[in-house]
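Biologist: Could you take me through a close look at one part of this model, the place where the two chains meet? Please work outwards from there.

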Protein chains: 2
Amino acid sequence: MPFGSKDKAYNSSRSLAHLTAEQALADYAVLLTDLKRNLSAQASPVVLFGGSYGGMLAAWMRLKYPHISVGALASSAPILQFEDIVPRAIFYDLVSNDFKRESLGCFQTIRDSWKELDEQGNAQDGLLKLSKTFHLCQTLKSSEALSDWLSSAYSYLAMVDYPMSSDFLMPLPASPIKEVCRNIDKQPEGTSTLERIYAGVNVYYNYTGTVDCFDLDDDPHGMGGWDWQACTEMVMPMTSSEDLSMFPRYEFDYGLYADNCVKSFGVRPRPRWITTEFGGHNISSVLEKFGSNIIFFNGLLDPWSGGGVLKNISSSVVAIVAPLGAHHIDLRPATKEDPDWLVSLRESELEIISVWLSDHYGAGGVLFQNAAANDQAAS
Amino acid sequence: MPFGSKDKAYNSSRSLAHLTAEQALADYAVLLTDLKRNLSAQASPVVLFGGSYGGMLAAWMRLKYPHISVGALASSAPILQFEDIVPRAIFYDLVSNDFKRESLGCFQTIRDSWKELDEQGNAQDGLLKLSKTFHLCQTLKSSEALSDWLSSAYSYLAMVDYPMSSDFLMPLPASPIKEVCRNIDKQPEGTSTLERIYAGVNVYYNYTGTVDCFDLDDDPHGMGGWDWQACTEMVMPMTSSEDLSMFPRYEFDYGLYADNCVKSFGVRPRPRWITTEFGGHNISSVLEKFGSNIIFFNGLLDPWSGGGVLKNISSSVVAIVAPLGAHHIDLRPATKEDPDWLVSLRESELEIISVWLSDHYGAGGVLFQNAAANDQAAS
């Protein structure tokens with residue numbers, strides 16, 4: 001572990017300064033080159049696989065280090081979620097759609113809940129009452145922390161709305177949004193909105209039923225590193241719109257965002273860096289002209305699909321879209337519960353990748369089949 | 001000036017750490033993007049021009065930032081002078097050829113001089129005598145420093161062997177090697193080898209005739225920054241061969257090289273970094289597949305042409321080779337002395353670049369000619 005330990009490394013902006021997409025790509029370039037040399041495997045083709053941020057890295061690595069790999073599967077890679085390339089509201093709109101799709105009542109309950117939450121937060125003893133309703137370990141200091149905690153749950157639920165049980169961000173049942181909404185909707189008449197909301201998010205934060213109380217300061221998803229990256233180069237402007245969203249109205253304010261980064265990490269973001277480094281507004285023409293052998297996978301349930309590449313760009317930079325898929329579901333381990341569409345899209349991905357490999361071997365590598373054929377021809 | 005001042009910046013490995021090819025490319029990406037935004041010139045195409053190290057940067061920028069420019073003129077860019085891509089002896093062999101081409105006697109005198117220099121250096125009062133012969137300001141502490149000073153002069157002379165007078169590294173007459181060799185050859189019979197050598201290099205180090213004495217510790221070419229880069233990522237293994245070279249026999253020893261870097265700068269080089277970052281052994285296939293719109297210019301008198309791209313790689317990654325050209329002569333200011341071949345090769349470069357520009361305008365930019373034609377058609 002460089003920099004002593006993970007805790008140490010994450011505690012100093014001096015070491016965090018190395019936590020960048022460019023450094024990650026350079027690290028992979030060195031690692032892959034050295035691995036191949038050390039294993040006497042220089043001629044072996046490398047295929048890159050990555051999901052989410054890792055998917056962005058995979059796609060970007062094809063652009064920046066085309067000599068290191070023969071292709072990349074960039075799964076749920078929101079490489080367009082920067083500056084003004086896609087509408088700012090798209091992420092929260094997609095999350096909201098996922099809930100609306102399961103139950104209009106559930107969507108409406110969540111939508112109504114923020115006002116009640118604020119009102120209760122401002123009332124006498126309201127924060128104490130809220131803390132009890134939501135089984136928090138500490139009494140709330142503001143209702144905002146609770147709003148954030150709930151909003152996070154909904155966003156993460158949309159990302160992991162897989163049709164099979166999973167344990168990616170949290171242990172969860174199959175189709176967790178359906179489950180959350182069932183819990184919100186099924187409460188007996190007279191149950192308050194906020195009690196319904198609690199019953200819903202309890203599925204996300206406590207599916208195993210082992211949590212006694214919730215600590216809002218907890219970082220169950222280990223996002224500390226991402227927070228740093230979001231405060232340096234991965235600035236993704238996101239707004240919550242009035243019309244389509246179930247979230248509290250929220251307008252991205254770059255000034256406030258930057259000030260918070262200075263407060264948290266002592267750094268000011270470079271909001272235009274990613275498009276400068278990798279292209280952005282013209283990414284399809286860049287990918288068309290200078291890219292090859294990239295699969296962009298996106299599931300449309302995944303709110304990150306809003307910033308993804310959803311259309312074929314060229315004959316070898318292609319999009320695979322799963323209408324019922326969530327965040328990088330193609331890269332999840334195969335299970336017996338996998339629906340047919342998932343099985344067959346994985347097969348399509350494999351087929352495309354095998355073309356890359358035969359192209360590579362055809363273009364100068366050693367193709368064992370051919371070698372055998374030649375032996376036969378010579379004998 | 002960042003880091004306080006140039007002196008300060010060059011004095012600390014903390015600030016020198018930013019002196020890398022990758023940082024330079026990123027700086028240009030930000031500068032060009034910001035310039036275009038600030039000048040409301042986002043749609044204007046950018047063409048990159050660079051010579052020598054700048055030529056490498058221009059070529060590499062087309063690979064790493066294809067969205068920032070429409071093409072690059074990479075003049076005398078030895079992007080292959082790394083690891084074992086080209087023969088290690090090629091640089092000094094090419095320098096030697098340039099001298100042999102002017103005068104076999106001159107070549108032979110230089111070739112013979114090293115032994116005499118060593119012998120005199122080892123003799124009683126030899127260093128004092130050498131210091132006098134070569135008009136040095138201080139008495140030599142070893143003959144090696146003098147050998148290095150002479151070798152540098154020959155290498156630089158080969159780089160700037162322009163057919164017109166110039167003032168690039170030093171003020172020099174047209175065809176300076178011819179001049180140096182004339183001085184070496186024309187001395188009256190009985191002139192010692194080392195006196196001849198002095199008469200020769202005096203043309204390089206003192207063409208203006210204003211230098212009273214030579215200070216070997218002087219850095220007349222401002223190479224301090226390059227020395228740092230050579231000790232970090234720009235490791236170019238160079239050997240001086242027995243057979244074709246007029247230089248003292250010298251075998252590149254990476255261990256010694258690295259130790260000297262630790263002594264000078266406290267850093268250990270990364271000798272394989274450049275090929276990892278930009279490709280190298282497979283550079284033509286990388287350039288063919290992922291590059292476009294690059295002109296590689298090389299003059300064959302230039303010893304750096306040994307590490308240059310001398311053959312067309314694709315229809316838009318092309319090589320222009322000038323048999324009588326020295327280091328990035330195409331980018332030197334036009335003069336009345338310019339030979340016809342130089343005038344016409346500059347025209348070829350312009351023609352190629354104008355194709356890039358019309359391609360760019362045709363592909364979505366505004367072509368003023370077309371706009372005018374449309375106006376006419378509409379009227």
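By what turn, and what shift along the axis, can chain A be laid on chain B, and with what RMSD?

Modeller: A turn of 180 degrees with a shift of 0.0 Å along the axis lays chain A on chain B, at an RMSD of 0.0 Å. That's the relation of a two-fold axis; the copies are superposed by least squares on the C-alpha atoms of residues with pLDDT of at least 70 in both. Some ground rules: this is a predicted model, where local features need pLDDT of at least 70 and side-chain atom pairs count only at pLDDT 80 or more, while totals for chains, interfaces and linings use all residues. Residues are numbered from 1 along each chain as its sequence is written, chains are lettered from A and ligands numbered from 1 in the order in which they are written, and side-chain values use heavy atoms, with hydrogens and water left out.

Now the interface. 25 residues of chain A are in contact with 25 residues of chain B, contact being heavy atoms within 4.5 Å. 100% of the interface residues of chain A are interface residues in chain B too, so the copies meet through the same surface. About 2000 Å² is buried between chain A and chain B, with carbon and sulfur atoms giving 56% of it; that's the accessible area (1.4 Å probe) that two parts lose on being put together, summed over both. H67(A), T276(A) and F290(A) supply 33% of what chain A buries against chain B, more than any other three residues.

As for polar links, there are zero salt bridges between chain A and chain B (a side-chain nitrogen of Lys or Arg within 4 Å of a carboxyl oxygen of Asp or Glu). Seven residue pairs between the chains are in polar contact, both at pLDDT 80 or more. The test there is a pair of N or O atoms within 3.5 Å; within protein, one must be able to donate a hydrogen and the other to accept it, and residues adjacent in sequence count only if both atoms are side-chain atoms. On chain A's side, the elements giving two or more residues are α3 (21-38), α4, α13 (273-278) and α14 (283-290). Helices (H or I, at least four residues) and strands (E, at least two) are DSSP runs, numbered from the N terminus.

α4 (53-64) takes us inwards: this helix of chain A lies across β1, β2 and β5 (294-299), at about 150 degrees to β1(A). Axes are lines fitted to C-alpha atoms, for helices over the stretch in contact, with angles from 0 to 180 degrees between N-to-C directions. Those strands sit in an open four-stranded sheet of chain A, order β1-β2-β5-β6, with parallel pairing, which takes at least two DSSP bridges between two strands. β1 (47-51) and β6 (317-322) of chain A are the edges, each with a single partner strand, so one side of each has no neighbour in the sheet. β1(A) and β2(A) (71-75) pair over five bridges, with G51(A) opposite S75(A).
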